[in-house]
Amino acid sequence: QVQVVESGGGLVQAGESLTLSCTVSGLTFDDYSMGWFRQAPGKEREGVSCIDWSGSSTYYTDSVKGRFTISRDNAKNTLYLRMNSLKPEDTAMYYCAAVPAVRGLLTMCSRGGAVMDYWGKGTQVTVSS
């Protein structure tokens, strides 16, 4: 059975940093591209950042460029999101998701991740002002 488990969320003040982790089991991790998505109350889910199977190509939505960094460690079946200079508008439930690597990064991160196949339950990030 495929399992996708996020961790690392919490409550921080604006300007601080946080690192999210996502551990995947039940599939061949380096056959999959990965992504981070978020959803705030009353808003649609949006793609935050996506990464190809090798980590050589990445995509970031405009609102997080220069602040967030996505990475992966294929030996550990783990995906990361380093979040610097956090803002209150980053407050959301953050989800990790996987899809076979044939998908392009923009396709993966658009439409709220509609093409993604496997999803975690999410980890809450709250940024206070």
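This passage walks through one sheet and three residues of the structure shown above, which is a predicted model.

A good place to begin is the sheet. Four strands form an open sheet, and reading across it gives the order β1-β3-β8-β7, with the pairing antiparallel. The edges are taken by β1, covering residues 3–7, and β7, covering residues 68–73. Each of these edge strands has a single partner, so one of its sides is left without a neighbour in the sheet. On average, and with direction ignored, neighbouring strands here are turned by 15° against each other.

Within this sheet, the pairing of β1 with β3 can be followed in some detail. Strand β3 spans residues 18–25, and its antiparallel pairing with β1 runs over 5 bridges. Looking along this pair, the reader will find glutamate 6 standing opposite cysteine 22, a residue of β3.

Cysteine 22 also appears in the surroundings of threonine 78, where it is one of the residues touched. Threonine 78 belongs to strand β8, which covers residues 78–83. With a relative accessibility of 7%, threonine 78 is buried, because the cut-off for that class is under 20%. Leaving aside residues up to four places away in sequence, threonine 78 touches Ser21, Cys22, Thr23, Phe29, Arg72 and Asp73. The side chain of threonine 78 also has a polar atom 2.8 Å from the backbone oxygen of lysine 76.

A second buried residue, alanine 97, is found in strand β9, which runs through residues 92–100. The relative accessibility of alanine 97 is 0%, so this residue too counts as buried. Which residues does alanine 97 touch, not counting those up to four places away in sequence? The contacts are with Ser33, Met34, Gly35, Phe37, Met116, Tyr118 and Trp119. Another way to place alanine 97 is by its distance to serine 49: the two are 48 residues apart in sequence, and their C-alpha atoms are 11 Å apart in space.

Arginine 111 offers a contrast in setting. This residue is found in a loop, the one between α1 (105–109) and β10 (118–119). Is arginine 111 buried or exposed? Its relative accessible area is 61%, and because a residue counts as exposed when that value is over 50%, arginine 111 is exposed. Arginine 111 can also be located relative to glycine 47, which is 64 residues away along the chain. The C-alpha atoms of arginine 111 and glycine 47 are separated by 7.7 Å.

How values were computed
Residues numbered from 1 in each chain as written. Predicted model: local features only at pLDDT ≥ 70, side-chain atom pairs only at ≥ 80, totals over all residues. Heavy atoms only, no water. Helix = DSSP H or I, 4+ residues; strand = E, 2+ residues; numbered from the N terminus. Buried < 20%, exposed > 50% of the residue type's maximum accessible area, 1.4 Å probe, protein only. Polar contact = N/O pair within 3.5 Å; in protein donor to acceptor, adjacent residues only side chain to side chain. Contact = heavy atoms within 4.5 Å. Pairing = 2+ DSSP bridges. Axes fitted to C-alpha atoms, helices over the stretch in contact; angles between N-to-C directions.
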